[in-house]
Amino acid sequence: MTDPDVRASIMRGTYEALCEHGYTELTAQDIADRTDKSKSLLFYHYDSKEDLLADFLEFLFERFDERVAETRDLPPVERLAVFVDWFLYGPGENDRQSFHVAMLELRTQAPYNEEFREKLRKSDDQLREVLEEILRDGLEAGEFREHDPEETAALLIAAFDGARIRQLTIGRDEYLEQVRTATATWVFDDLLAEGASFPADRDPSTLPEADQQHRLAADLRAENGTVDRDDDTNGTDVDDSGAARDEPVERDRE
């Protein structure tokens, strides 16, 4: 597809339709109805629904890369907090949740679709590389104690992803807060160097106005706002942006 505006319109329509209908019930007409494009135009650019959704995954990865780049000037501890917020958003955060719902819908198809599986492997590599980079930068800056960034990144992503999936699939909102609290208490307490602080009291459910530009939702949401699903997993998209911050909690090591 050569026209980025056409692609962006189709991607927004795909996002909204996927969040509303789920993968199984999703049709090309559902997507077309959320754009100013016709169903025939979709199939001019894509061979099938699966081909379109594979490009949708690629579109998400591109936007995630852009958002990561926008945070690289932040201190490593702040970047780590942003990464945590991307997974462990607050209760009722529909804007973040529907993105994860959409991704979960596609992940369930990966065992049967090699192209989806390859795209999701790329996503997993992308996430780990971002977190490993943050951890290495923190070591170099003296904000983190000596540790293995690869092992730490693998542990954190597994914990965050598991909490999120449980929250989405069985409605256990408390998993997100419990994992956030345990991570700050048991993992970051040992990870942070003396004098470094992690904003443990930051509220991931609220984004200041200045941070709106960092939200993946801004790329995916149409002008008329968000789309809610008709079940308990209604929501919006997830971002890798910062949330409102309370005063950071200083470590007090002897």
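**Salt bridges, ring pairs and the nonpolar core**

Arg107 is partly exposed, at a relative accessible area of 32% (buried means under 20%, exposed over 50% and partly exposed in between, with a 1.4 Å probe and protein chains only). This is a predicted model, in which local features need pLDDT of at least 70 and side-chain atom pairs count only at pLDDT 80 or more, while totals for chains, interfaces and linings use all residues. Residues are numbered from 1 along each chain as its sequence is written, and side-chain values use heavy atoms, with hydrogens and water left out.

As for what Arg107 is doing, its side chain meets that of Asp161 in a salt bridge, 2.9 Å from N to O (a side-chain nitrogen of Lys or Arg within 4 Å of a carboxyl oxygen of Asp or Glu). Arg107 sits in helix H6 (residues 94-107) and Asp161 in helix H8 (residues 149-170), so this pair ties together parts 54 residues apart in sequence. Helices here are DSSP runs of H or I with at least four residues, strands are runs of E with at least two, and both are numbered from the N terminus. Asp161 is buried, its relative accessible area being 13%.

Stepping back to the overall layout, the protein has 10 helices and two strands. Along the sequence they come in the pattern α-α-α-α-α-α-α-α-α-β-α-β. Of the 254 residues, 52% are buried. The accessible surface comes to about 12,300 Å², and 44% of that belongs to carbon and sulfur atoms (areas from the Shrake-Rupley method with a 1.4 Å probe; for residues, only the protein chains shown count as cover). Contacts (heavy atoms within 4.5 Å) reach far along the chain: among those between residues at least 6 apart in sequence, 76% join residues at least 24 apart.

Back to the charged pairs: searching the whole structure turns up 22 salt bridges. One of them joins the side chains of Lys119 and Glu58, again at 2.9 Å from N to O. With Lys119 in helix H7 (residues 114-141) and Glu58 in helix H4 (residues 49-71), the pair ties together parts that are 61 residues apart in sequence. Glu58 counts as buried, at 15% relative accessibility. Helix H7 also supplies Glu133, which forms a salt bridge with Arg79; the closest N and O atoms of that pair are 2.9 Å apart. Arg79 belongs to helix H5 (residues 76-87), and the two partners are 54 residues apart. Arg79 is buried at 5% relative accessible area, whereas Glu133 is partly exposed at 25%. Then there is a network of salt bridges, which links Arg7, Asp55, Glu62, Arg63, Glu66, Arg67 and Glu70.

The aromatic side of things is a shorter list, with three aromatic pairs found in the whole structure. Rings of Phe, Tyr and Trp (its six-membered ring) pair if their centres lie within 6.5 Å; planes under 30 degrees apart count as stacked, over 60 as edge-to-face and the rest as tilted. Tyr23 and Phe116 have ring centres 6.2 Å apart and planes at 85°, so they make an edge-to-face pair. Tyr23 lies in helix H1 (residues 4-25) and Phe116 in helix H7, so the pair ties together parts 93 residues apart in sequence. Tyr23 is buried at 9% relative accessible area, and Phe116 is buried too, at 0%.

The rings of Phe83 and Phe87, by contrast, form a tilted pair, because their centres are 5.6 Å apart and their planes sit at 50°. Both residues lie in helix H5, four residues apart, or about one turn of the helix, and both are buried. Ring pairs connect Phe83 and Phe87 with Phe160 in a cluster. Tyr23 has a charged visitor as well: Lys49 lies over the face of its ring, 4.4 Å from the ring centre (NZ of Lys or CZ of Arg within 6 Å of the centre and within 35 degrees of the ring normal).

Finally, the core. In soluble globular proteins, nonpolar side chains tend to be buried together. The largest nonpolar core here has 61 residues, and the ones touching the most other members are Leu80, Phe83, Leu88, Leu106, Leu131, Phe160 and Phe198 (such a core is a set of buried Ala, Val, Leu, Ile, Met, Phe, Trp, Tyr and Cys residues joined through side-chain atoms within 4.5 Å). Two or more residues each come from H1, helix H2 (28-33), H4, H5, H6, H7, H8 and helix H9 (174-191). H4 gives the largest share, 10 residues. Leaving aside residues up to four places away in sequence, Leu131 touches Leu80, Phe83, Ala153, Leu156 and Ile157.
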